[in-house]
Amino acid sequence: MTRKQHNVLVLMAQTYVRLGHSRHALSLLHPVLKADPDHVLALRAAAQAQLDVGENDRAISTCEHLLSIETGFSARKGIQLLLSRALFRANSMAKARRAFAAAQSTSERSVQCNT
């Protein structure tokens, strides 16, 4: 499959997630992530879909992987918030608070950089 075909699958999967069909989204994302495990948009969609279907541990793992490769401030904030939700659902309250605090500090750092 080409990069362009992967991107189409990711767009379709993002739409399915928004429509509440996260299991179907995950099936679309599987071949993309198999071919490119660092496809950021596919990973973000997968993390949200995993959280939606109750695969909290997988969502946590996906978010942690995303944080290891994503460098943008606003993207990292969104990932930290998603990670916080996944940790909360997995009953890891202390870790969820830390992830939420990290998202807030990411926001503050980006504001400071723009001033």
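Reader: Which residues have the most contacts inside the largest nonpolar core?

Author: This is a predicted model. Its largest nonpolar core has 15 residues. Helices H3, H4, H5 and H6 each give two or more residues to this core. Those with the most contacts inside the core are Cys-63, Leu-83 and Leu-87.

Reader: Which residues does Cys-63 touch, not counting those up to four places away in sequence?

Author: Cys-63 is one of the buried residues of H4. What covers the buried residues of H4 includes H3 and H5. Beyond four places in sequence, Cys-63 touches Ala-47, Ile-79, Leu-82 and Leu-83.

Reader: How many residues are in the second, separate core?

Author: This core is separate from the largest one. Its members include Val-10, Val-17, Ala-25 and Leu-29. The second core has 13 residues.

Reader: Within what arc do the buried residues of H4 fall, seen down its axis?

Author: The buried residues of H4 are Asn-56, Ala-59, Ile-60, Thr-62, Cys-63, Leu-66 and Leu-67. Seen down the axis, they keep within a limited arc, so they line one face of the helix. On the other side, Asp-57 and Ser-68 are exposed. The arc of the buried residues is 165 degrees.

Reader: What distance do the end C-alpha atoms of H3 span?

Author: H3 has 13 residues. At 1.5 Å a residue, they should span 18 Å. The model agrees with this, because the end C-alpha atoms are apart by 18 Å.

Reader: Which elements are included in what covers the buried residues of H3?

Author: Buried residues in H3 include Ala-42, Leu-43, Gln-50 and Leu-51. Ala-47 is also buried there, and Cys-63 touches Ala-47. The cover over the buried residues of H3 includes H1, H2, H4 and H5.

Reader: Which residue with a positive phi follows H3?

Author: Look just past the helix. The phi there is positive, near 85 degrees. The residue is Gly-54.

Reader: Is Ser-84 buried or exposed?

Author: Ser-84 sits in helix H5, residues 73-89. Leaving aside neighbours within four places in sequence, Ser-84 is in contact with Ala-96, Ala-99 and Phe-100. Its relative accessibility is 10%, and under 20% is the cut-off, so Ser-84 counts as buried.

Reader: How far is the backbone oxygen of Ala-96 from a polar atom of the side chain of Ser-84?

Author: Ala-96 is one of the residues in contact with Ser-84. Here the side chain of Ser-84 offers a polar atom, and Ala-96 offers its backbone oxygen. The distance is 3.0 Å.

Reader: Which residue has a positive phi although it is not a glycine?

Author: The phi in this case is about 65 degrees. The residue lies in the loop between H5 and H6. At 61% relative accessibility, it counts as exposed. It is Asn-91.

Reader: What distance separates the C-alpha atoms of Arg-18 and Gln-104?

Author: Arg-18 is in helix H1, residues 3-18. At 66% relative accessibility, Arg-18 counts as exposed. Arg-18 and Gln-104 are 86 residues apart along the chain. Their C-alpha atoms are separated by 25 Å.

Reader: Over which residues does pLDDT stay under 50?

Author: The mean pLDDT of the protein is 91, and 91% of its residues reach 70 or more. Where pLDDT is low, the predicted coordinates should not be read in detail. For the stretch under 50, the model has four contacts beyond four places in sequence. That stretch is residues 108-115.

Methods
Residues numbered from 1 in each chain as written. Predicted model: local features only at pLDDT ≥ 70, side-chain atom pairs only at ≥ 80, totals over all residues. Heavy atoms only, no water. Helix = DSSP H or I, 4+ residues; strand = E, 2+ residues; numbered from the N terminus. Buried < 20%, exposed > 50% of the residue type's maximum accessible area, 1.4 Å probe, protein only. Polar contact = N/O pair within 3.5 Å; in protein donor to acceptor, adjacent residues only side chain to side chain. Contact = heavy atoms within 4.5 Å. Arc of directions from axis to C-beta. Core = buried A, V, L, I, M, F, W, Y, C linked by side-chain atoms within 4.5 Å. pLDDT = per-residue confidence, 0-100. Expected span 1.5 Å × (residues − 1).
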